[in-house]
Every structure is written in C-alpha cells, then in structure tokens.
Amino acid sequence: MPHSSGGGSHGGGSHRGSHHRSSSHRSSGSRSRGPVTRSSSTPFEGATTYMYYRNKRPVFVYANYDIRKTAKKAWTSRILLLIFVVCPVILMSAVILFLSGHFPKPLNLNYDSRIYVDDRVGVVKDPGRLMASLQAFQNKTGITPVVVIYPNEVWQGNYRSLEKYAYEDYINRFDDEKHWLIVYTTGTKEDGFEDWYWEGMQGDDTDPILDGKQTDSFTKNLHSLFLDKQYSVDEAIAKAFEDLTPHVMDKYLSMPGSACLLVFDFIFLGIMVFAMDFHPIREKNYSRAEVCDPNFVDQEACEYCGGIYIVGMHVTCPHCGAPVKPHDYTTDEYGNVTQILN
C-alpha cells in the first residue's frame, strides 16, 4: 500500500516519510585448543621423524604427533567451521547488503505512466519547466510523478491530516504502486497568513529507489524551497525534482552502521582464516608422509630421473619407479648404520 514520503506545512515545519526497512545483525565464533603439539624442521626430544618427497627431494619433519592424521582431521574441522561459522557470516553480510544497500533499477513503464499536474488553485506559473522536471525524473527511474494543487477545503474538516487525504487520493487515482503523488494545498487565513500544506505519497514499488535517504533529502529540500519566497509553488517543486534526479539512482549503503558491520564481518573472516592455520599444500604433503628411521640419512640420485631418494627405504625410485641400486648395511653395537655399496 502507498505510504508517506514526507511532507510539511507553513506553520508546522516538515516531517519524514514512513519507511519501515530494518535489519539486525549478530555474528560470533569460537576456537578451542587441545594439548600443545609441536612440529619442526630440526630434530627435538620426543619427536618422530617423518619424510615426504617434494620437487624430487626428501623433506624431513619432526613432530610429537602424527602429522598424517592431523592433516586429515584439519580438513574435517575446516569443513565444519566453514559450514557453521564462515557461511553464516557470509550469508548475514549478504542480507545486510540486500536490506541496507541502495542498488536501484528503473521500474518498467508497463502501467498507466501518464504524468500530469492538476492545479485547481491557479498557482502554477511555469508549467513547461515543471513538466520537464517530472518527465526527466520518470525517464531515469520509471516512477511516474503526479502533482495536485488544491485548496485546503478538500481535506480540512473531513480528514485528521493531509497525509490521510493523500493516501486516499492515491488509491483512488492509481491502481498500482509505481506512482509518486505530490499533494499541495493552500488557503489564506483572516490575518493574511498563507496556510499551505504538502504531502508526498509513494507506492510500495518505488521503495527500492525512493528509500529513506532519498525521500528525506527531497522533503527537506522541497520544504525549504516552499519557504523561499523567490520560488513559486511549481518552481519549488520543479527545482526539488531537478536536484533529486541526478542522484536518485546512486548506489550506496543506506542504513547507518551497515558499512561498519560489513567491515567487521570481513575482519572476522580474516581472523578465522588465520586461526585455522590454512596451509593446504603443506597438509597435502603431510598426509602422504612416511615415518622414517632417523638412521636412514644417506641420499642418492636416481640414475634415470635424477630425483633424490633415501637409501634403504626403497627398492624402486619413488619418483619414476625405476629400480634403485642395491645396497647392504651393517649395524654396530650402538645401532649406527653403515652403508656398503655393492
């Protein structure tokens, strides 16, 4: 149903429109730590030696936990974190953008889009300029503006306010929600005071374009123009539309604090990614690591592909699959391994 976009009177100032868009936002996350674990590229007490190949060379990792199982568990934890924390935050950010963002698209003129000015008081002095300003507004937005100028008697004594009358006038004139009706009424009191009132009434389909920021700006501007004696009624309305039209389709976040909430969301997501210690390449290597006897320290290049492998761990090259040279080993009383090449 149509609703007020704002209005005012000569003696009572202006008032804002009745937009009702709102949203709430909350995001949270937690992370708990288990027992302290350690991994290093150098040996330390209590560490198990792991080895994997990368770029045809062995890489050693020393850890007091099974890096192969931890790598697999890390991916499971991240998937759960993605589902229950990250995705909801992203979804909430999208909702904030949808509710608070002003990303207007022109309305389709597939309705009775005739623009007209109904002046029953005779105050319009420059109808050409007024119609041109209304037409320019419609060309840019697809919203059809209509201006009616009546004596105060049409509503005073029958309605509690001009807003009530403008609402009824809108639904009697239009069978759609794509118009913007500007109602101006006037009369002169016994003391000569010009007692004028005005009200804007917009259809619901205009809300994505005429949000609170746009209509509040228009209301403030038009009311000040009505108070400025250098403008006639129609000149004030024309100038208000001329001032609004160039900026009415601008894109921005219309709700206060929305930008701050989005910045908070992105910071939160960044912290979560950092906290997840996200190293996919490292964990892929960890998942295929092998426990390595710390006494196997000799390395040799494959005669076929040139890749380096650990002597004593393979009978075929781990890189190309070719047979490796046979080797014999002896162990002394202290457990030290000595290689004897055949």
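A salt bridge here is a side-chain nitrogen of Lys or Arg within 4 Å of a carboxyl oxygen of Asp or Glu. In this predicted model, R173 and D169 fit that description, with their closest N and O atoms 2.9 Å apart. Both residues sit in helix α3 (residues 162-173), 4 residues apart, or about one turn of the helix. That spacing suits a pairing of side chains, because an α-helix has 3.6 residues a turn and residues three or four places apart point the same way. D169 is buried, with a relative accessible area of 9%, while R173 counts as partly exposed at 25%. The two also belong to a wider network of salt bridges that takes in D118 and R120.

The structure holds 7 salt bridges. One of them joins R16 to D216, with 2.8 Å between the closest N and O atoms. This pair ties together distant parts of the chain, as R16 is in strand β2 and D216 in helix α4, 200 residues apart. R16 itself is exposed, at 64% relative accessibility. Another salt bridge brings the side chains of D243 and K239 together at 3.0 Å, N to O. D243 and K239 both lie in helix α5, 4 residues apart. Each of them counts as partly exposed, D243 at 32% relative accessibility and K239 at 23%.

Next comes the sheet. Its 6 strands form an open arrangement in the order β2-β1-β10-β9-β8-β7, with mixed pairing. β2 (13-16) and β7 stand at the edges with a single partner strand each, so one side of each has no neighbour in the sheet. On average, neighbouring strands are turned by 10 degrees against each other, direction ignored. At the β7 end, β7 and β8 run parallel and are joined by 3 bridges. D118, already met in the salt-bridge network, stands opposite V148 in β8. As for the helices, α5 packs on the sheet and touches β8 and β9, its direction making about 150 degrees with that of β9. Helix α4 lies across β1 (3-9), β2, β9 and β10, and runs at about 25 degrees to β1.

Helix α2 (residues 127-141) has 15 residues and reaches 21 Å from its first C-alpha to its last, close to the 21 Å expected at 1.5 Å a residue. Its buried residues are L130, S133, L134, F137, Q138 and T141. Viewed down the axis of α2, they fall within an arc of 135 degrees, so they line one face of the helix. What they pack against is a mix of strands and a helix: β7 (117-119), β8 (144-151), β9 (179-186) and α5 (233-244). After α2 comes G142, whose phi is positive, near 80 degrees.

Elsewhere, β4 (residues 48-54) and β5 pair in the antiparallel sense over 7 bridges. The two make a hairpin with 2 residues between them, and N55 in the turn has a positive phi of about 55 degrees. β5 (residues 57-63) also runs antiparallel to β3 (residues 39-40), to which 2 bridges join it. Y62 in β5 has a partner on either strand: it is the bridge partner of T49 and stands opposite S40.

Finally, T206 is found in the loop between β10 (197-202) and α4 (212-227). Despite the loop setting, T206 is buried at 0% relative accessibility. Leaving aside neighbours within four places in sequence, T206 is in contact with L107, I143, E177, K178 and H179.

Notes: Residues numbered from 1 in each chain as written. Predicted model: local features only at pLDDT ≥ 70, side-chain atom pairs only at ≥ 80, totals over all residues. Heavy atoms only, no water. Expected span 1.5 Å × (residues − 1). Buried < 20%, exposed > 50% of the residue type's maximum accessible area, 1.4 Å probe, protein only. Arc of directions from axis to C-beta. Contact = heavy atoms within 4.5 Å. Pairing = 2+ DSSP bridges. Axes fitted to C-alpha atoms, helices over the stretch in contact; angles between N-to-C directions.
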